[in-house]
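Here are some notes for your reading of this model, set out as numbered points. Please keep the coordinates open while going through them.

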Amino acid sequence: MTVKEYNEVFYHQCSKALSFINCLDHALQKSDDNARMQMRVIGWGENTKAFLLDAIRRMEDSARESYRWSKSDWWKENNK
């Protein structure tokens, strides 16, 4: 993955996924017991939330590790 791919595609998708998980959790806190019960039935809980957040963060770390640029490479890419 290039820096450009990370910045233009991956970062935005990763950010949206993290935001979705946090918004879902917030919405469930504001909803009635029936909605929370339905989410528990399909498997949503603190363990599921923690697993998904950990997986997204690991993907992000892996994506960052996939490119290690020197300053000269960065300069060449950004000054075409």
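In which helix is Lys49 found?

1. Lys49 is found in helix α3, the helix that spans residues 46–65. Please bear in mind, here and in the points below, that the model is predicted. With a relative accessibility of 14%, Lys49 falls below the 20% limit and therefore counts as buried, although its residue type is one that counts as charged. Leaving aside residues up to four places away in sequence, the residues that Lys49 touches are Ile21, Asn22, Asp25 and Trp44.

2. The packing of the first two helices deserves a separate look. Helix α1 covers residues 3–30 and helix α2 covers residues 33–41, and the two pack with their axes 7 Å apart and at an angle of about 135°. That angle makes α1 oblique to α2, because the roughly antiparallel class is kept for angles over 145 degrees. On the α1 side the contact is made by Leu24, Leu28 and Gln29, which meet Ala35, Arg36 and Met39 of α2. Sorted by type, the residues of this contact comprise 4 nonpolar, 1 polar and 1 charged.

3. How many disulfides does the structure hold? The number is 0, and the two cysteines discussed here can be taken in turn. Cys14 is in no disulfide, the nearest cysteine sulfur being that of Cys23, 14 Å away; a disulfide would need the two sulfur atoms within 2.5 Å. Cys23 is likewise in no disulfide, with the sulfur of Cys14 as its nearest cysteine sulfur at 14 Å. As for their surroundings, Cys14 has a relative accessibility of 6% and so counts as buried, whereas Cys23, at 47%, counts as partly exposed.

4. The aromatic rings make up the last point. A search of the whole structure finds 2 aromatic pairs. In the pair formed by Tyr6 and Tyr11, the ring centres lie 6.3 Å apart and the planes stand at 50°, so the pair is classed as tilted; pairs count up to a centre distance of 6.5 Å, and the edge-to-face class is for planes over 60 degrees apart. Tyr6 is buried, with a relative accessible area of 5%, while Tyr11 is partly exposed, with a relative accessible area of 41%. Ring pairs also bring in Phe10, so that Tyr6, Phe10 and Tyr11 are linked into a cluster.

Definitions and conventions:
Residues are numbered from 1 along each chain as its sequence is written. This is a predicted model: local features need pLDDT of at least 70, side-chain atom pairs count only at pLDDT 80 or more; totals for chains, interfaces and linings use all residues. Side-chain values use heavy atoms; hydrogens and water are left out. Axes are lines fitted to C-alpha atoms, for helices over the stretch in contact, and angles run from 0 to 180 degrees between N-to-C directions. Helices (H or I, at least four residues) and strands (E, at least two) are DSSP runs, numbered from the N terminus. Angles under 35 degrees count as roughly parallel, over 145 as roughly antiparallel, 65 to 115 as roughly perpendicular and the rest as oblique. Contact means heavy atoms within 4.5 Å. Buried means under 20% relative accessible area, exposed over 50%, partly exposed in between (1.4 Å probe, protein chains only). Rings of Phe, Tyr and Trp (its six-membered ring) pair if their centres lie within 6.5 Å; planes under 30 degrees apart count as stacked, over 60 as edge-to-face and the rest as tilted.
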